[in-house]
Amino acid sequence: MDKELELLAGASLERSLRVSSPVFGSPGYTVRGDQMLLNLSSNDYLGLAQHPAIIDIMHRTLQSEGAGSGASRLVTGNRQPYAPLEAALAAWQNCEASLVVANGYMANIGAISALVSRGDVVFSDQLNHASIVDGIVLSRADHARYRHNDMEHLRSLLNKHRDKRRKLIVTDAVFSMDGDQAPLRELALLKREYGAMLMVDEAHSGGVYGKRGEGLCHELGIQDDVDIHMGTFSKSFGIYGAYICGSRTLIRWLVNKARPLIYSTALPSSIVAGISKALALVQADHWRREKLDAGSRLFRDSLRSAGFITGDGGSPIVPLIVGDNELALRFSSALEEVGIASVAIRPPTVPAGTARIRFSLSAAHSEKELTEAAAHIRIIGHQLGVVSS
Ligand code: PMP
């Protein structure tokens, strides 16, 4: 192990854990060491992680329900706050039923491995999140990976696997490292044409798109073509946990077959109650989405006009592609020196040669903060030779 770790370090690919602390009253910032940094690396898209009403209900539920749930939901962990939350989630997603699970990683591995098995096939975008890939591996179904957002490639794979028993197409709605969107309308058509199920991971689009933050499927009006809606509460909701929404039969199936639900302890009630409050805020506070969208446009446009490569996306995830691993680390350190927390994303999280700084923005950031940050990024980009003057 030591030798392999040395190799990783030598290739600027070693990762390590660092402490980041919140700054109460300033949700767009984080503290590392003794430095307060503008946090351009959090997924708290709507700035809800410090919302007093969420914290208050979590406190009160902690007092009334205790710290832990004590058991899996199928044993005695299915506490009172679950049912109203699941009813509200189903109504929000306009689905028959919903299921709350521990986190997005577990939701993906649990749902996929419950829905398909040997003899089935999963069609999965090459850039889908690791939890989707792990779910497919765990399911033992065939893994038909299609080139990123390439519908012709997907069609050829669908033809090749025509005779498989169950077919599942799965995609991120917004891709986590590139911030671009899946072609959901085309996917909905292909799913119908080939009699496949469609699963969409709205981890980075839930709360961000849709009139009430339902996600990209609702924004595009294809929600009824989606058989399995998945999303997390760890990003726009500012807390922790995840959901699956769909038909009553789907949820009944998952309660009986999804191993992370069956064999792992239920989320504590305080978290479940906090999510309910966050769901109400996500639906009501449309201004947060508007502010986030305006800030994302401003920030992305200013990086693009400075000559940076920021990909095709239009979401609050803004990648700044630098290519080289070590250069990405130097860029991120230089940003930290001027008061900006950013993260250098390197292989295997992204393909070799596409190391990047991944910025993720929040409604907690002001126009002024984003403009100043973009100016710093431009200067450092010139100094490091990422863009020419
Ligand atoms: N899906 C996607 C697309 C993600 O980006 C993430 C989190 N990085 C997850 C699932 C996992 O969600 P969670 O953090 O709630 O486990």
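## A walk through two domains and a ligand shell

Let's start with a pair of strands: β13 and strand β14 (residues 355-360) run antiparallel to one another, joined over three bridges. Keep in mind as you look that this is a predicted model. Within this pair, you can find V343 standing opposite R358 in β14.

Now widen the view a little. The two strands belong to an open sheet of three strands, in the order β11-β14-β13, with antiparallel pairing. At the edges are β11 (317-323) and β13 (343-345), each of which pairs on one side only. How far are neighbouring strands of this sheet turned against each other on average? The turn is 30 degrees, with direction ignored.

The sheet also has a helix for company. Helix α14 (residues 325-337) lies across β11, β13 and β14. If you compare its direction with that of β14, helix α14 runs at about 35 degrees to that strand.

Next, step back to the whole chain. The domain assignment of the protein gives two pieces to look for: domain 1, made of residues 2-39 + 286-383, and domain 2, which covers 52-284. Taken over C-alpha atoms, the centres of domain 1 and domain 2 are separated by 27 Å.

Where do the domains meet? Here 14 residues of domain 1 are in contact with nine residues of domain 2. On the domain 1 side, α13 (286-305) and β11 each supply at least two of the touching residues. Strand β11 gives the most to this side, with three residues. So far as classes go, the domain 1 side divides into seven nonpolar, four polar and three charged residues.

A database record offers another way to divide the chain. The UniProt annotation "domain: Aminotransferase class I/classII large", from an unreviewed entry, covers residues 37-377. Over that stretch, the chain is 45% helix and 17% strand. The C-alpha atoms at the two ends of the stretch are 14 Å apart.

Finally, turn to the ligand. Which residues are closest to the ligand? They are N103, G104, H129, A203 and T232, from a shell of 14 residues that surround the ligand. Helix α5 (residues 104-115) provides the largest share of this shell, with three residues. Sorted by class, the shell has three nonpolar, nine polar and two charged residues.

Definitions and conventions: Residues are numbered from 1 along each chain as its sequence is written. This is a predicted model: local features need pLDDT of at least 70, side-chain atom pairs count only at pLDDT 80 or more; totals for chains, interfaces and linings use all residues. A residue is near a molecule or strand if its C-beta atom, placed from the backbone, lies within 6 Å of it. Helices (H or I, at least four residues) and strands (E, at least two) are DSSP runs, numbered from the N terminus. Ala, Val, Leu, Ile, Met, Phe, Trp, Tyr, Cys and Pro count as nonpolar, Asp, Glu, Lys and Arg as charged, and the others, Gly among them, as polar. Two strands pair if DSSP finds at least two bridges between them. Axes are lines fitted to C-alpha atoms, for helices over the stretch in contact, and angles run from 0 to 180 degrees between N-to-C directions. Two residues are in contact if their C-beta atoms, placed from the backbone, lie within 7 Å. Domain bounds come from an automatic or database domain assignment. UniProt positions are given in the numbering used here, feature names are shortened, and annotations may be inferred rather than shown by experiment.
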